[in-house]
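Welcome, and please have the model open as you read. This report walks through domains, cores and pockets in turn.

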Amino acid sequence: MNVGVLTGGGDCPGLNAVIRAIVYKGLNQYKYNIMGIYEGWKGLLEGGPIAPLTIEDVVGIQVRGGTILKTSRTNPFKHKKGIELIKKTLKKYKLDAVIAIGGEDTLGVAARLHQEGIKVIGVPKTIDNDVAGTDQTFGFDTAVNIATEAIDRLRSTAEAHNRVFLVEVMGRHAGWIAVQSGIAGGAHMILVPEYPIDVDKLVTGIVKRHARGEEYSLIVVAEGARLKKDGGQSDYILQEPEKDEFGHVRLGGIAYILAKIIEEKTGFECRNAILGHIQRGGKPTAFDRVLSTRYGIHAIDLIKQKKFGQMVALRGTKIVGTPLVSAMKKAKTIDKEYYKIAEVFFG
Ligand code: F6P
């Protein structure tokens, strides 16, 4: 059996640990050939590079961020004859099955390819933690820890200067990183894409804190958070309006906009810190290394069991297989009940 492995979409800490687990169990226990497909779906579309992965290639890589297989945001369905080209590559390299490690975009492609008769297994990843069908994606815990560390550091400088600090974290449609790091870091307000930002409420909270003698504030905001406007929400704040092959724009800058608004309305000195890709870089936490390893082991087990069209998922404390289409359901976002835990500490 020849099994191809690819990583697609934005990288995230833990990808290498998944690859390592697939290679160890695939080679040593199942005697499969494990082939690395480079740069995500692009590698299959363009006919390579694709090369065998050995134990030597993956020894110790669970500690490294990024992905030894590289990644891309290529969507084969946006390319002419995409499926034909993929099938041609699979035939050329005699690949019997593919393990696709990615977020909702990569897994969405995997689900469609499965419908086209290609034997695929998915592994869900993203620092945003918004993939449906699993309790948690790997990479998220690392991102939360990085953001929490940043909030802790910004607290001392905010306090020293009596400033309002806006810390912007990633999260397009879901505020998981914002909420988790905000609770852990003791943020005075956490703003997420799920609930529009009420500027008046935000400003009142800051002013009240000030009046109580708490002259600094820490506000965590997700990049996808928007302002409440005319019964709806304002547009997203964009770094780059151009869309990628999956229709995503590049978000960023809401912290800057809010800092300006708050400074204008309160007269308090404001600063913003946009964490950006720092959250996605570097070594994974122990939790993410273990979750990724368990995902990789379960993914190769699903291949052995011929459970194609499935992805691995965390359910409670167990790793299970679930149909790939589960990842296509509505993104997993923060419900009101969970957000209420954070709200206890606002203001
Ligand atoms: O992978 C998810 C994510 O990290 C989002 O939180 C963020 O908006 C996006 O990727 C950034 O993508 P890129 O690396 O393409 O700029």
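## Pocket contributors

In this predicted model, three elements each supply at least two residues of the lining of the largest pocket: α5 (104-115), β6 (164-169) and β12 (250-251). The largest share comes from α5, with three residues.

## The two domains

It helps to place that pocket within the overall layout. The domain assignment splits the chain into domain 1 (2-139 + 284-328) and domain 2 (142-280). Their C-alpha centres lie 33 Å apart, and the contact takes 19 residues from domain 1 and 15 residues from domain 2.

## The largest pocket

Where does the largest pocket lie relative to domain 1 and domain 2? Both domains give residues to its lining, so the pocket lies between them.

The space in this largest pocket is about 600 Å³. A total of 36 residues line the largest pocket, and R73, M170, R172, E223 and R280 are the ones nearest its centre. By residue class, the lining has 15 charged, 13 polar and eight nonpolar residues.

## The second largest pocket

The second largest pocket holds about 300 Å³ of space. Its lining is made of 16 residues, with P196, D198, K201, Y339 and E343 nearest the centre. Two or more lining residues come from each of β7 (189-191), α8 (199-211) and α11 (336-343).

Here is the class breakdown for the second largest pocket: nine of its lining residues are nonpolar, five are charged and two are polar.

## The nonpolar cores

Now for the interior. The largest nonpolar core has 84 residues, and I99 and I101 have the most contacts inside it. Which helix gives the most to this core? That is α6 (residues 140-161), with eight residues. Domain 1 (2-139 + 284-328) and domain 2 (142-280) each provide at least three residues of this core.

I99 is a good residue to centre your view on. Leaving aside residues up to four places away in sequence, I99 touches V3, G4, V5, L6, I22, I121, V123, A299, I300 and I303. Apart from the largest core, there is a second, separate core of 24 residues, whose members include I50, I86, V98 and V109.

## Bringing it together

To retrace the tour, start at the largest pocket, which lies between domain 1 and domain 2 because both give residues to its lining. Then look at the largest nonpolar core, which also draws at least three residues from each of these domains. You can finish at the second largest pocket, where Y339 and E343 are among the residues nearest the centre.

Methods:
Residues are numbered from 1 along each chain as its sequence is written. This is a predicted model: local features need pLDDT of at least 70, side-chain atom pairs count only at pLDDT 80 or more; totals for chains, interfaces and linings use all residues. Side-chain values use heavy atoms; hydrogens and water are left out. On a 1 Å grid over the protein atoms alone, a cavity is a set of points where a 1.4 Å probe fits but cannot get out, and a pocket is an open set with protein on both sides within 12 Å along at least five of seven lines; lining residues have an atom within 4 Å of a point. Grid points are joined across faces, edges and corners, and a volume is the space filled by probe spheres set on the points. Helices (H or I, at least four residues) and strands (E, at least two) are DSSP runs, numbered from the N terminus. Ala, Val, Leu, Ile, Met, Phe, Trp, Tyr, Cys and Pro count as nonpolar, Asp, Glu, Lys and Arg as charged, and the others, Gly among them, as polar. Domain bounds come from an automatic or database domain assignment. A nonpolar core is a set of buried Ala, Val, Leu, Ile, Met, Phe, Trp, Tyr and Cys residues joined through side-chain atoms within 4.5 Å. Buried means under 20% relative accessible area, exposed over 50%, partly exposed in between (1.4 Å probe, protein chains only). Contact means heavy atoms within 4.5 Å.
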